[in-house]
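Student: I am new to this structure and would like a close look at a single part of it, the place where charged and aromatic side chains come together. Please take me through that part slowly, and then show me how it fits with what lies around it.

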There are 2 protein chains.
Amino acid sequence: MTGRDGGADLHPIGNSPVVILVRPQLADNVGAVARAMANGGLFHLRLVAPRDGWPQERAWRMASGADRILDALTVHATVNDAVADLHHVFATCPRPRHIIKPVLTARGAAAEARAICARPLRCGFLFGPERAGLDNDDMACADMLVRYPLNPAFMSLNLAQAVMVMAYEWWTATDETPVRALMTNETKVATKGDLDNFLAHLVAELDESGFLRNLPKRPGMVRNIRHFFQRGEVTEQELRTLHGMVTELALGRRQRGRPEG
Amino acid sequence: MTGRDGGADLHPIGNSPVVILVRPQLADNVGAVARAMANGGLFHLRLVAPRDGWPQERAWRMASGADRILDALTVHATVNDAVADLHHVFATCPRPRHIIKPVLTARGAAAEARAICARPLRCGFLFGPERAGLDNDDMACADMLVRYPLNPAFMSLNLAQAVMVMAYEWWTATDETPVRALMTNETKVATKGDLDNFLAHLVAELDESGFLRNLPKRPGMVRNIRHFFQRGEVTEQELRTLHGMVTELALGRRQRGRPEG
């Protein structure tokens, strides 16, 4: 029923929420949903009464390799059947009316789902059909509603995009990537000594060239140059390139300065 | 050049980042990107060397009403031309190598972009072609890289999905929706007095029916019933319904208890 074993190749984590597409219209969207789920570490997909039946070849073409999610999905006649083995159900719903239920943002729902999965209980997210969204009976099956904070002037959210946002929040809810880092990979950041060595080289050549000949202004100019090269981290490779540039530029000047042979 | 006026209908905010699709292959994706941008409050779209030329009717069909973004987009021959009037450029890049640049998460980049737009300076996000992503020359035009924290076992992210995540983070960076709220709309939450009144009605009928006839257990049973009805907020409408249910159930019992006429 749950397809819990089918997505093993894509499955870095244990218990994760089920995505339930209620009366989806387009098989393309089901495939795109599977791809978005794989991006965000969701692997259990269920369909309730897909309009055009199931399976549909187009879905696999749109899944870009997230085949195991499609291979393992289950099809259900009703929402009640699709959620029968779950302990907690979220309903995504852009404009809930006359309903008394907790409403979470996508981020809040992701945190809640993480907590539920950790207990460990099983939870799922209902997503409505492309045009109409979930109806009132669908929402009566849910414990909580999820409403994304998005531009109220343009609420038409593609089904796979809706799943993408939820899957992204599910993933980032436990992600510990620093908000900002410096990418260096195999490149090493130069030390201040290396940088100083380059600046000495540069200033010597600038002195030689006459660029710093205004002695009263020289200290300020040197300081400004130093400021410029301190603006961001510099790699060892970049310093080698800078040394080479200065050497070659100075050499060109010297050669031009010599009488032609 | 910038299409800054074209998206006015969808445009609740002032200065916002430009989305730059570098060598996009599929017009469908350009349309889906426009839709995702509108969802997240981004309105300025530029294309660099779209594979199949521009305009393409398919894009408008996929945009689901975000036409103004497509109507106003500009096409550029090179990345350099597309970013020429910007002050700061982010490059989205799933697997940067041998590059020394700050790398931000989508959330970090959104905060940075908000700060840049507030100064106010103009910034933009580069998104690479569907298959290959940005190349090294493209990335050399950028100040910072953006790498989304997503499932490393399945990095194949649809172009419109990539834009959706960034647009979503752009929007939520200043959104103040509480993570959790209770949806009531026109429905009013009942007071504790209203609830107590219902519980008195219920207990009276349960006493009458004999359900609470075990007197030593009665206080605990009443307390458990009270706990159950306190589990979540109850609306005035729900209390009216509950009163009616209890009255009718009790009436049915009384009528059955009477000799048939």
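**The charged pairs and their surroundings**

Tutor: Glu169(A) is buried, because its relative accessible area is 1%, and the model in which you see Glu169(A) is a predicted one. Within its own chain, the side chain of Glu169(A) meets that of Arg107(A) in a salt bridge, with 2.9 Å from N to O. This pair joins distant parts of the chain, since Glu169(A) belongs to helix α7 of chain A while Arg107(A) belongs to helix α5 (residues 106-118) of chain A, and 62 residues separate the two. Unlike the buried Glu169(A), Arg107(A) has a relative accessible area of 30% and is therefore partly exposed. In general, side chains of opposite charge can pair when their charged atoms come close.

Arg107(A) also reaches across to the other chain, where Glu169(B) forms a salt bridge with Arg107(A), and here the closest N and O atoms are 3.3 Å apart. This belongs to the setting of the interface, for which four salt bridges are found between chain A and chain B, while a search of the whole structure gives 21 over all chains.

Helix α7 brings in an aromatic pair as well, and over all chains the structure holds nine aromatic pairs. In one of them, the ring centres of Tyr168(A) and Tyr168(B) are 6.5 Å apart and the ring planes stand at 90°, which is why the pair counts as edge-to-face. That pair crosses between chains, running from helix α7 (residues 159-172) of chain A, which holds Tyr168(A), to helix α7 (residues 159-172) of chain B, which holds Tyr168(B). Tyr168(A) has a relative accessible area of 1% and so is buried, and Tyr168(B), with a relative accessible area of 1%, is buried too.

A ring can also have a charge over it, and this is found in chain A, where the charged end of Arg114(A) sits over the ring of Trp170(A) at 3.6 Å from the ring centre. In chain B, Arg114(B) lies over the face of Trp170(B), again at 3.6 Å from the centre of the ring.

To place these side chains in a wider frame, consider the two chains together. In chain A, 64 residues are in contact with 64 residues of chain B. The size of an interface is often given as the accessible area lost when the parts come together. Between chain A and chain B the buried area is about 5,100 Å², with carbon and sulfur atoms giving 57% of it.

One residue that touches the other chain is Ala63(A), which is found in the loop between α2 (57-62) and α3 (67-72) of chain A. Ala63(A) counts as buried because its relative accessibility is 0%. If its neighbours within four places in sequence are left aside, the contacts of Ala63(A) are Gly31(A), Ala34(A), Arg35(A), Leu70(A) and, from chain B, Phe154(B).

Beyond this part, the domain assignment divides chain A into domain 1 (18-172) and domain 2 (192-255), and the C-alpha centres of these two domains of chain A lie 58 Å apart. In chain A, ring pairs also link Phe198(A), Phe228(A) and Phe229(A) into a cluster.

Chain B offers two further salt bridges to set beside the one with which we began. In one of them, Arg23(B) pairs with Asp135(B), their closest N and O atoms being 3.5 Å apart. Arg23(B) lies in the loop between β1 (18-22) and α1 (27-40) of chain B, and Asp135(B) in the loop between β6 (123-127) and α6 (136-139) of chain B, so that the pair links parts of the chain 112 residues apart. Arg23(B) counts as partly exposed at 29% relative accessibility, as does Asp135(B) at 33%.

In the other, the side chains of Arg226(B) and Asp196(B) meet at 2.8 Å, N to O. Arg226(B) is in helix α9 (residues 218-229) of chain B and Asp196(B) is in helix α8 (residues 192-209) of chain B, with their positions 30 residues apart in the chain. Arg226(B) is partly exposed at 34% relative accessibility, and Asp196(B) is partly exposed with a relative accessible area of 36%. To return to the starting point, salt bridges that share partners join Arg107(A), Glu169(A), Arg107(B) and Glu169(B) into one network.

Note on methods
Residues are numbered from 1 along each chain as its sequence is written. Chains are lettered from A and ligands numbered from 1 in the order in which they are written. This is a predicted model: local features need pLDDT of at least 70, side-chain atom pairs count only at pLDDT 80 or more; totals for chains, interfaces and linings use all residues. Side-chain values use heavy atoms; hydrogens and water are left out. Domain bounds come from an automatic or database domain assignment. Rings of Phe, Tyr and Trp (its six-membered ring) pair if their centres lie within 6.5 Å; planes under 30 degrees apart count as stacked, over 60 as edge-to-face and the rest as tilted. Helices (H or I, at least four residues) and strands (E, at least two) are DSSP runs, numbered from the N terminus. Buried means under 20% relative accessible area, exposed over 50%, partly exposed in between (1.4 Å probe, protein chains only). A charge sits over a ring if NZ of Lys or CZ of Arg is within 6 Å of the ring centre and within 35 degrees of the ring normal. Contact means heavy atoms within 4.5 Å. Buried area is the accessible area (1.4 Å probe) that two parts lose on being put together, summed over both.
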